[in-house]
Every structure is written in structure tokens, then in C-alpha cells.
Amino acid sequence: MATLAFFGVGVNLVLFLTRVLGQDNAKAANNVSKWTGTVYLFSLLGAFLSDSYWGRYKTCAIFQAIFVIGLVSLSLSASIFLLKPKGCGDGQSPCGSHSAFQLAFFNLSIYLIALGNGGYQPNIATFGADQFDEEDPIEGYSKIAFFSYFYLALNLGSLFSNTVLGYFENEGMWAIGFWASTGSAILALVLFLYGTPRYRHFEPKGNPLSRFSQVLVAATRKLKVKKMPSGEDLFELEGKRCSESGDRKILHTQGFKFLDRAAVITQKESNQMDKDTHNPWHLCTVTQVEEVKCILRLLPIWLCTILYSVVFTQMASLFVEQGAAMKTTISSFHIPPAGMSSFDILSVAAFIFIYRRVLDPLVASRMNNAKGLTELQRMGIGLVIAILAMVAAGVVECFRLNNAKTDCPNCEGSSSLSIFWQIPQYILIGASEVFMYVGQLEFFNGQAPDGLKSFGSALCMTSISLGNYVSSLLVTIVMRFSARDNMPGWIPGNLNKGHLDLFYFLLAALTTVDLMVYIACAKWYKYIKFEGKSGDNNANEHAELRV
């Protein structure tokens, strides 16, 4: 329900900016990318508060309430003063000018929505995973499948937004669409609170920044330590679990040997300090050191996922603008360009089923590995499919331009090429999501230490955030270099005079380079190993990517 509410606003936001606020295509695409990026950037804030102070349940409830407030204010602003004169915003009747206060109120509303949804998303994913005990074989397997079905639920929630709400908004009935989203968000909050007695709750583990700082400070203090001991000789608390935070202990790994200094017991510490009352700014546990190593190993993989998010964000901006410039009618029925993303949702649903029920068991039997493809392998496959999606979008744009009018004042629907030719690119994006984003959710959540599970989910969301910002930056750079010597540029207000196809091909080329870098990073990555785990984890110590 919350996803329905969010996409009820986000799926057609680019058209709202062009039709109601009068922004041109490039500016609207940039603003949507920045807004979407901010949504996922707030996931870091939500993850920090969840892991450190509030816990996941409280964080979800608070940010959902902020989300509802933002939707209410957006609905009020659209109903009271943005949609004037009445009936404007349908692509035919332009809306009047708006005051600075009205625009400021609108921006405040949509960024409250960004704050609420952004802080909520990574925590609800991790909170759902918390309901499974991974030490139990049955629940552990269910937890693996949870992320696929969680992502499927997100997409099914947006299906109604992309079809029914998208249709109303495309016809100029923006207030109805926004108020429907508001009602859905309120219902989602009520349902979430209703389930409170049935949830498994976990206490926050404290500020991770202080734990990281302690490792860096302790390691720096011991720069003069000449001989590094083996992993067995480094300091660790007794018992299976760390008494300080209640987390599972992480086994020592090679690499980043400088950080191991933080766990070295010097002669002075051995004589003067009791291990149970050690000063963490002088001596850290192996688990604490491995937490820092874990995050450092995740960063290269995370950086490689950002460019994929650049590809993904085109679906909410340039795909919609491209579709609006194609033939959008069947007989007398008009197809909302944003509604084409329904094919992405259907693709996600189909490929989740194909992967879980067909591909995964087949690969597992061929590789004699019960887990099938690793998360890293699936993410690599997602990058390959994303490249194919951009090539498909570029080819469709070439054909659209060959069948388009260039002398139209308003070029919506100016090409004779049917909007249904966009279906392949939406299907490919959906297929890539199943491999990339579901793989990311599993990977970052599974590889994050116990006290940083929400942060692991936030890494996935933040890659989407930075992908949107990079997309906005890329559009700006392309327009600056292509709009010279009286040339309209690749993405002008009139797409029939531009070369959107070249922009798509550029993204395909950049993603290909990113894939090469990703393969190198995946081969270098070492999986985290918890104490008490079976050999299954150790078998994945080195991630090998075979695409």
C-alpha cells in the first residue's frame, strides 16, 4: 500500500512538472532524478537511526507518518492552487503561473514524501527479514526467498499506480490521483501498526560511527607494532556472541592488515588490562575490526551498482517522455505513457517466478550447489540485461525519429510509431531488476554485520539515489556539449529535433565498461564469515562471477 502511494506520485511526476508547472523536458527529467535520488539518499538517515537508536519498528512507524504528512500537503497544494484554471494539466490546457510561495509549498511537500519514504524503505525490508531465524534451516531458506517476494510486492503495489492512477493523472485529474495515494499511505500505516503484537523486535546496537572510529584510532596508535600476529592471537571476547552488542562474532579474514593492528594485544595491555574491561579506543575485538573490513569490501561492489541505477531511472523520466512522443492511441483509447511501466512490473513478476521455480533449481542441480547462483553472479547478469535494454531503447528511438514530425509545436503523439514498441525495453529492465536489485537486497543484507543490517539495505537504496544524481549530471553534461552552434542537443524540448537514441547508446557503452570493472571487483570480494556457521559460508569465501 505504501508503494502504491509513493508511485502514485512518482510515476507521473515528470509529466506534472511539464504540464502543470511548465518545465521543459530536460529540466523536468533532471528534477525527477534529483527528487528520486533524494528519496533513496534519506535511506541512509533511516538506516542510521534504526541501527543506532530507534530500532527498525519505531523507525518504520515514524517515517511512515512523515510520508503521510507529505502526501496530505501535496494533495492540498494541488487541489487548492496548482491546478488553476480548473481542468488544466491534461497536456492540452496549460496551467497558469504560480507564485514563489506555491512552488515552495509544492517542493516542501514532495521532499517530505522523499524523507518519509526514503527513511522507511530500507528498514521495512530489514524488519521483514528479522522475522526469520536464519539459524533455523526452514526459516533460513524462507529468508532467502523473502527478498524476491518483497521486491515482487513492491512492484505489484505500484501496478495500480501505473495503470489506474496513471490514467487519471494523465487525463489531468491530478488531485484524484494524489488523494488516492494519500488514502493508501494512511491504510498502510494502520495495517503496519495493527501487526505490532506479532512482530519480532530487535534492539538497536549503538552508533556504528563510534565503533568504526575506535578501530581507526586503535590501529593508528599501534603504527609502530612491527610483527603482526596471526588471526588466532588477536583480541576477541570469550563466548559465541560479543557481550558488548549481542551480535555474532565475525571470523578473522586476511586483507586490510593495517586494521588488524587495532586488535593486537601489546605487552603493556597484556600486563595492565583485563580483557573484559578493555578500552575500545586502545584495543578492539576482531569482530569490530572485521565490521570495518566488511564495509570497505562492500564499497567497490556498491559503486559498480550506481551506473545500473542510471539506466533504471530512465524508466521514470526519458522512457515516459519518449513514449509521449509516440502514437499513444488505440482507436479512441489513449494510453498513458507512464502506464507502460506496467510491463516492467509484469516482467518483474514473471522473472521472479522463472528464476525461483525454474532457473535457480536448474543451476543448483548443474553446479551441485543448493544455493544456485550467488548474489554477485546474479547482479552481473542484471548488468548484462541492462545493456541490452538500453540498446533496445536506442533502436526504438531510431525508428521513432524516422516516423516523426519535426515541425510540431507540441510533439506529444507526433510519431506514427506505436508506443507498444517500448515493451521490449520495459521487459528487459524488469528482468534486470530481478537479478540486480533482488540480488543487491540479499547481498548487502547478508554481508552486513548484525549491527548494520539496515545500513546494508540502505546501500542498495543509496545506489539508486546516486544513480539518479549521476543521471541528472549526465543529462546536463550531454546537453551542454550537444546543444552548441544553434543545435537543439540530444534531449531538447522537442524530442523530434534531438537524438535521444545517442543518449541511450551512450548509457549502453558506459554500462559495458561498468560491467568489466564489476567483474574484477566481484572476483576480489571475500564473503563475511560468522562464528558457528557451517561450511556453506566458507565455500563462498571467494566470489567468482561467471556471466
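**Exercise 1.** Find the helix that holds Thr182, decide whether Thr182 is buried or exposed, and list its contacts outside the local sequence.

*Solution.* Begin with the position: Thr182 belongs to helix H7, which covers residues 174-194, where a helix is a DSSP run of H or I with at least four residues, numbered from the N terminus. The model is predicted, so local features need pLDDT of at least 70 and side-chain atom pairs count only at pLDDT 80 or more, while totals for chains, interfaces and linings use all residues. Residues are numbered from 1 along each chain as its sequence is written, and side-chain values use heavy atoms, with hydrogens and water left out.

Next, take the accessibility: Thr182 has a relative accessible area of 3% and is therefore buried (buried is under 20%, exposed over 50%, partly exposed in between, with a 1.4 Å probe and protein chains only). Finally, when neighbours within four places in sequence are left aside, Thr182 is in contact with Leu71, Val72 and Ser75, contact being heavy atoms within 4.5 Å.

**Exercise 2.** Carry out the steps of Exercise 1 for Thr511.

*Solution.* Thr511 is part of helix H17, residues 500-524. Because its relative accessibility is 0%, Thr511 counts as buried. Not counting residues up to four places away in sequence, Thr511 touches Leu307, Val311, Leu383 and Ile387.

**Exercise 3.** State how many residues the largest nonpolar core has, and which helix gives the most to this core.

*Solution.* A nonpolar core is a set of buried Ala, Val, Leu, Ile, Met, Phe, Trp, Tyr and Cys residues joined through side-chain atoms within 4.5 Å. The largest one has 137 residues, and helix H11 (residues 286-313) gives the most to this core, with 15 residues.

Key
Helices (H or I, at least four residues) and strands (E, at least two) are DSSP runs, numbered from the N terminus.
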